[in-house]
Amino acid sequence: MLKKNSAPFKMRAKQLSQTNCFLIPMCFFSVALLASCTTNALGVSDYKNQNQCIGERPMASFVGIQEIENSALSFSLSEKAKPENTDDIEEKFWFLKIAMGTKPSAGYGLSLTSKQLLITDQTALIKLKWHQPGPDSMLAQVITSPCIYLKLQKGKYNNIKVIDDNDQQRYKIKTPIS
Amino acid sequence: MLYPTQYKTLVYFFSAALLFGCGGGGSSSSETTTNGTHLSGAITIPSFSVIDSDINNSQTASVSNSTISSAQEISNPVSLGGYVNSPGKGASGNSFVNGDVNDYYKVALKANQIISLNIADSNADLDLYLYTSAGAFVSSSLGANKNETITVTTDGDYLINVVPINSASSYVLSIGLVQSASVGAETQLKNSFSLTAEFAENELIVKKKTAQKTSNLFSSTQQPVIELMDMNTLQQQQSMMSSLKMDTHIMDKMEQGTSELQKKKLKTLYTAKALSNRADIEYAHPNYIRKTSLIPNDTFYPSQWHYQMINLPSAWDITTGSADIIVAVIDTGVFLNHEDLAGQLIAGYDFISNAARAKDGDGIDPNPNDEGDGSSTVASSFHGTHVAGTISALTNNNKGVAGVSWKSKIMPIRVLGAGGGTDFDIAQGILYAAGLANNSNTLPAKKADIINLSLSGSALSQTLLNAINAARDAGVIIVAAAGNAGNSAPQYPAAIAGVISVSALDAARSLAPYSSYGSTISIAAPGGNIRADLAGDGKPDGVLSTVANDSGQSLLSFYQGTSMAAPHVAGVFALMKSINNSLTPSNIDSLLQSNQLTVDIGASGKDNLYGYGMIDARKAAEAVSGVINTPAQLNVYPLSLGFNVNQNSHTLIVDKTSGQTLNLTSITSSKPWLTITHPASQFGSYTLNINRSSLSTGIHTANVTAVSDTGGTKTVNIVVQVGSDLNNGDVGRTYVLLIDTQTNATAKSFQADSSSGQVTFDISDVPHGTYTLVAGTDMDNDLFICDDGEACGGYPTLNQLENIVVDGTKNNLDFVIAFLDGALNISSDSTSAFVSNNISQGTGIKLDTSSSGFQRQEN
């Protein structure tokens, strides 16, 4: 809610209009709006999903875009695939790698349950499903190390909490900004 | 009354009167009456006989065929008599001075036909070249033997070129008349000096005769007898090069190669031949390159350390597989559109019965494409694609990776989907691959030879056990991954008796850290270890093969696992089956247990980590070149048959090798005009019969296929020549001679050219006597007919000449004439010994054109 005195505002606006500048009042307006928010819907997406990721241990950490581009153990037959235009992407997004660790077979992986970052008290919540094969399954005997690279819209949250589909917390880490 | 003595005198007088009164043989024959005594007949020329349009015979006009543009068009099949000479070589005649250094022939050829050049003069050296009709080099036979041969590889229009090397000779060029079975590989390779052979283009191996003193060719008195020489150095020695006396036309031939490499190689070959002719040189030949192993040219082959480790390159020297062998990959399916699997896949099936697990919207279906094995949005592994690529990636295609068995086919069977696979689905997949009844109610066109199961679980079900046993009983060899549990707990199906269980090795031939082990391990193979770079190539030690991603891109990746080890073994078994396609699961077991497929690693003998040891592809390939426990094989002889224009039947032997029982299931012909007559029992002599009534002039082909009950097949390639009714054979100017059997002199001669495939003769004023009647050509103009390479015929047949008693006109003295290519077998008990011996020795019969008895055909 705005609590400003409208009268001096109008006089100011008149003065501003004489100088062709409307920016200052708009800035005040926006900041006031932001400060008054308690929840915000920022997006999270599955940027890259791999079953062969470098590193053997289960982990969650922020990574740079270049590291993701270099992370694949698979490659093209012919010319190198044109790298995606990653200019400026890191201005707006953070990338979070979550790895399952090395597994003895196929049938394991991570998938994103919700595409929204639920932010409470400056902590963003991410929900993932940890897939594993059933106990009676016949499985492909290839060593895998599944991981997921999440693309998070930057925002005013200082922490990330990662939970699984049983609502158990798996990780809590600080964002790079804090 | 006359007394006895008076009788005797009377008898003497009477006899003498008789004797002197009668005409008779001997030297007095010319005095007897001969006027009006004719000998006539027709000499038939086979319809495929052709004469070189420019020969040395000075009584004939030459039509040049010495350039590509003036190439003489000839038929196929053909028996062609010709003559070439280097300038100043050979007898005087049309081409003595200037030389006839190229004969070019234009002809349509079919694959597998043999072009055979028989060189008449044993001191002469002629070479044979083959070009496309546009003049591009195809092949050559450049030896110094009596025969040069080239085998045609593809149908097409070609130019054949005969070239003399510092010599002159008649020759017989035959196409489509010599069957491949009779020209063995040894004959073809021996001294053929083939341009397409691999040799160091700048080197020569030269052996000097030890008795000779040092010549200007060698650098010092003390030297090895055999020396490796450099062509560049040799060519700088002007005196040496001129001593080789190479004709300018040979120098021209050297420039005919279409690439710099070919030109160098031609120079080297001709220099080698010329050096061999020097008195001080025993022999000279190119330095052939013997590769010890076949290296495929796939871009990423250098990263496939796992093939070198099991001796695959030297196994590939023996075999690179066969398209007859099928390996079923029972797995996640295969990415059917992968660039590096193009052409390697045959039809398969998707046995995943649960639609959610299958991720393709339905239960079982005929499409084995890998639709993904990741739950929800989890990335797919494309595991089946990786396994398939290890077995049979498209190899030597200048991109991607190599596979173990380059030519065998993959039958993709999909049983693993999101979250893995079920026993029921896997069992159905195994039954289908083995050609047994299954829940798809379909069967493959041809069952798999080998099944690869890079999957496992810790429990064993009766369903899975039954399917495995049924497949093995059906003759399928089953290979499975031991498991990645890193302990000795049995994993199934690997641990089932009768399945080849494969543990995984790293790049140092040690057990990979994840690999299962135990008493049920049969064998070990590379599975990789991405943690290490023991291969030292800057990359993780994974097994490199084909994969894809969920966006449908063809990719490659390093994977590790016993999943990667099993297909190495399956691929080696495919190579083995390519050599001997009747190998059974029991044979594989015997070979394995007698240590013939492996190199022993780890503890001596069979052990719990590596079974009988690391698979050794070379050892395995060698083992099945007929060693122990050889199962019986179907034997058919010959595998290639030709029917000449006059042949209508041929014998085919069908038999089996010793060993186990084998039965002939069928023997069939591919064409209705080729029928097969069976003997009383299944093995023995079969007769192949040709019915020509429906066949047009030209060459016709057919196959005869014999199939045994172990699935072995043998195919016989058949070529039938059908000649035209027009009989347009021509051997050129023909001389018909009457040889007096008492004096061996040529009493009469008659010359004529052919007309409508015949040479007719009518020799008049023939004195009474006994003669041999013979006819021939004189292509080399040495005034002898019937020397090697020339056309020759005799009455009644050249193989068995008979004397003719002339005491009046005799007509219908018909016989056949053909080019002498050394295949003639003249009977030694012919009454016409003089003529027979001279022809069989290659001397020929003297053509005395100056004799008064020489007659010509009236034109």
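Trainee: At what angle do helix α10 and helix α13 of chain B pack, and how far apart are their axes?

Mentor: Good place to start, and keep in mind that this is a predicted model. When you read a helix pair, look at the angle, the distance and the residues that touch. Here α10 (residues 383-392) and α13 (residues 562-579) of chain B pack at an angle of about 35°, and their axes are 8 Å apart. The crossing of α10(B) and α13(B) is right-handed.

Trainee: Which residues make that contact?

Mentor: From α10(B) come B:His383, B:Val387, B:Thr390, B:Ile391 and B:Ser392, while α13(B) brings B:Ser563, B:Met564, B:Pro567, B:His568, B:Ala570, B:Gly571 and B:Ala574. Sorted by class, the residues of this contact are six nonpolar, six polar and no charged.

Trainee: Now the sheet. What is the order of the strands in the open sheet with β3(A)?

Mentor: To read a sheet, follow the strands from one edge to the other. This open sheet has three strands in the order β3(A)-β24(B)-β23(B), with antiparallel pairing. β3 of chain A and β23 (543-548) of chain B stand at the edges with a single partner strand each, so one side of each has no neighbour in the sheet. From one strand to the next, the twist averages 35°.

Trainee: How many bridges join the strands, and which residues are partners?

Mentor: Take the pairs in turn. β3(A) is joined to β24 (residues 554-559) of chain B by three bridges, with the strands running antiparallel; there, A:Ser76 has B:Leu555 as its bridge partner. β23(B) and β24(B) pair over six bridges, in the antiparallel sense, and B:Ser545 has its bridge partner in B:Ser557 of β24(B). The helix from your opening question comes back here: α10(B) packs on the sheet, where it touches β23 and β24 of chain B, and its direction makes about 130° with that of β23(B).

Trainee: Let me zoom in on one residue of that helix. Is B:His386 buried or exposed?

Mentor: To judge this, count the neighbours around the residue. B:His386, which sits in helix α10 of chain B, counts as buried because it has 34 C-beta neighbours inside 10 Å, and the cut-off for buried is 20 or more. Leaving aside neighbours within four places in sequence, B:His386 is in contact with B:Ser545, B:Thr546, B:Val547, B:Ser557 and B:Tyr559. B:Phe335 is 51 residues away from B:His386 along the chain, yet their C-alpha atoms are separated by 9.4 Å.

Trainee: How many residues does each chain give to the contact between A and B?

Mentor: For an interface, ask who takes part and what they are like. Chain A gives 32 residues and chain B gives 44 residues. On the side of chain A, the elements that give two or more residues are β1 (41-50), β3 (74-76), β5 (109-112), β7 (123-131) and β8 (139-140). The largest share on that side is from β5(A), with four residues. By class, the side of chain A that touches chain B has 14 nonpolar, 15 polar and three charged residues.

Trainee: Where in chain A does pLDDT stay under 50?

Mentor: Where pLDDT is low, the predicted coordinates should not be read in detail. In chain A, pLDDT stays under 50 over residues 1-13 and over residues 16-20. Among the elements of chain A, helix α1 (residues 6-18) has the lowest mean pLDDT, 46, and β8(A) the highest, 97. Chain A averages 79, and 72% of the residues score at least 70.

Methods
Residues numbered from 1 in each chain as written. Chains lettered and ligands numbered in written order. Predicted model: local features only at pLDDT ≥ 70, side-chain atom pairs only at ≥ 80, totals over all residues. Contact = placed C-beta atoms within 7 Å. Nonpolar A, V, L, I, M, F, W, Y, C, P; charged D, E, K, R; others polar. Pairing = 2+ DSSP bridges. Axes fitted to C-alpha atoms, helices over the stretch in contact; angles between N-to-C directions. Left-handed = near helix turned anticlockwise from the far one by under 90°. Buried ≥ 20, exposed ≤ 12 C-beta atoms within 10 Å, placed from the backbone. pLDDT = per-residue confidence, 0-100.
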